[in-house]
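User: I would like to go through this protein step by step, starting with its main pocket. Please keep the answers short.

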Amino acid sequence: MKVIFQVFSLCALILLPLQGSFAFTLLKTTTKDVTSSHHHAPFTSTRLFAKKKKKGGKKKQKNQQQSGFAWASSFTLKPFESSALRDLASFACASYEGRTGKPLAEELRGASDLPKVLWNAPIACVVVVDGSEEENGEKGDSASTNNNIIQYANVAALETFGFQPDQFDQLISSKDPESGEWKTPQNDVVKALDLPSSMGGDKTYQSDYKKKIIKGDPDISIENAYRWILEKSALIDGKFVTESIGIAYAWDSWVEGEDTLCRPGGVREVKIDVQELEEKIKAQGDAIRELKDQGLGNKDEQVVDAVQELLRMKALLEEVTSNSK
């Protein structure tokens, strides 16, 4: 059975300065079919569960009871609850602030529980590591993006890749404590993901990073993103040695396809080519005049429809140009 949910919110025109001849229109009314694919799904979902009542009395079943340890281990800790990922989130934030002198997001300033605040912050944050390290300590070909895995991602990052907050295990890899091997999710998003685990040259920080991070339908790109090296120091043979443990990335918006700018929280801004819109208005006016030259009057259905479309495009142009001033 399909369950349809609608989220209604204010649709308004974003006040963004025109760059060249482009502007963006805000769309924030979405409809979600919960039986469809999870990829690029709207950010809010509701699930209903029904538990069937068993007939008859209670029956004893062997091996039904779990030990306390097995019961506890059946739960998956969220990234802000896991000790290792809490440390990694705090380390990434501290590293960014140490390099820039400011917090990654204003919400993080003075936060008492920084990992939890970062988890819900309106900025995407991921940590990418090289998963090709073998047991002998040597690394494989780090140029292969298949070796680059996500060790941490927050809610905004999950939204970027089309996942819900409770689907973090579909993106984040975990290391087996016994074998030391990475357990990487196997899905189309992870396979297509292209975020390097190293920075070329002597760079340790970049604030204008631009890359198509997923090639698919649609493509996903980030622009003006931040990335920085996460390094740790250790005392080895009486000397401090600095080692890179991965790359942290952060972005507050991303582009789906060619014309949809997205922001955390389900915000979608559709790019409008002002020059192209003006040309369409002119062509529509010419089409109306041609209809009238053919003998059609103002009350004829074809003329009425054509005029309504012309008025719609003129109103859109006026709204875009007035809000961009």
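User: Which elements each supply at least two residues of the lining of the largest pocket?

Analyst: This is a predicted model. Both helix and strand labels appear among the elements that each give at least two residues to the lining of the largest pocket. They are α2 (83–100), β4 (124–130), β6 (174–175), β7 (182–183), β9 (220–236) and β10 (239–251).

User: Where does the largest share of that lining come from?

Analyst: Both β9 and β10 supply at least two lining residues. The largest share amounts to five residues, and its source is β10.

User: What is the volume of the largest pocket, and which lining residues are the closest to its centre?

Analyst: The volume of the largest pocket is about 920 Å³. Its lining has 36 residues. The closest to the centre are V129, Q151, S173, K175 and W182.

User: How many residues of the lining are nonpolar, polar and charged?

Analyst: Each residue of the lining of the largest pocket falls into one of three groups. The division is 16 nonpolar, 10 polar and 10 charged.

User: Is T260 buried or exposed?

Analyst: T260 lies in strand β12, which covers residues 260–263. A residue counts as buried under 20% relative accessible area. T260 has a value of 17%, so T260 is buried.

User: Which residue shares a polar side-chain contact with T260, and which others does T260 touch beyond four places in sequence?

Analyst: The polar contact between the side chains has a length of 3.3 Å, and the partner of T260 is D259. With neighbours within four places in sequence left aside, T260 is in contact with W254, V255, R268 and E269.

User: Why does V255 count as buried?

Analyst: V255 belongs to strand β11, residues 254–256. The cut-off for buried is under 20% relative accessible area. V255 counts as buried because its relative accessible area is 14%.

User: What separates the C-alpha atoms of V255 and I222?

Analyst: V255 and I222 are 33 residues apart along the chain. Beyond its neighbours within four places in sequence, V255 is in contact with D219, I220, S221 and E223, among others. The C-alpha atoms of V255 and I222 are separated by 6.3 Å.

User: For the whole protein, what share of the contacts with a separation of 6 or more joins residues 24 or more positions apart?

Analyst: The protein has seven helices and 13 strands. Of its 325 residues, 34% count as buried. Among contacts with a separation of 6 or more, the share from residues 24 or more positions apart is 56%.

Definitions and conventions
Residues are numbered from 1 along each chain as its sequence is written. This is a predicted model: local features need pLDDT of at least 70, side-chain atom pairs count only at pLDDT 80 or more; totals for chains, interfaces and linings use all residues. Side-chain values use heavy atoms; hydrogens and water are left out. Helices (H or I, at least four residues) and strands (E, at least two) are DSSP runs, numbered from the N terminus. Buried means under 20% relative accessible area, exposed over 50%, partly exposed in between (1.4 Å probe, protein chains only). Contact means heavy atoms within 4.5 Å. On a 1 Å grid over the protein atoms alone, a cavity is a set of points where a 1.4 Å probe fits but cannot get out, and a pocket is an open set with protein on both sides within 12 Å along at least five of seven lines; lining residues have an atom within 4 Å of a point. Grid points are joined across faces, edges and corners, and a volume is the space filled by probe spheres set on the points. Ala, Val, Leu, Ile, Met, Phe, Trp, Tyr, Cys and Pro count as nonpolar, Asp, Glu, Lys and Arg as charged, and the others, Gly among them, as polar. A polar contact is a pair of N or O atoms within 3.5 Å; within protein, one must be able to donate a hydrogen and the other to accept it, and residues adjacent in sequence count only if both atoms are side-chain atoms.
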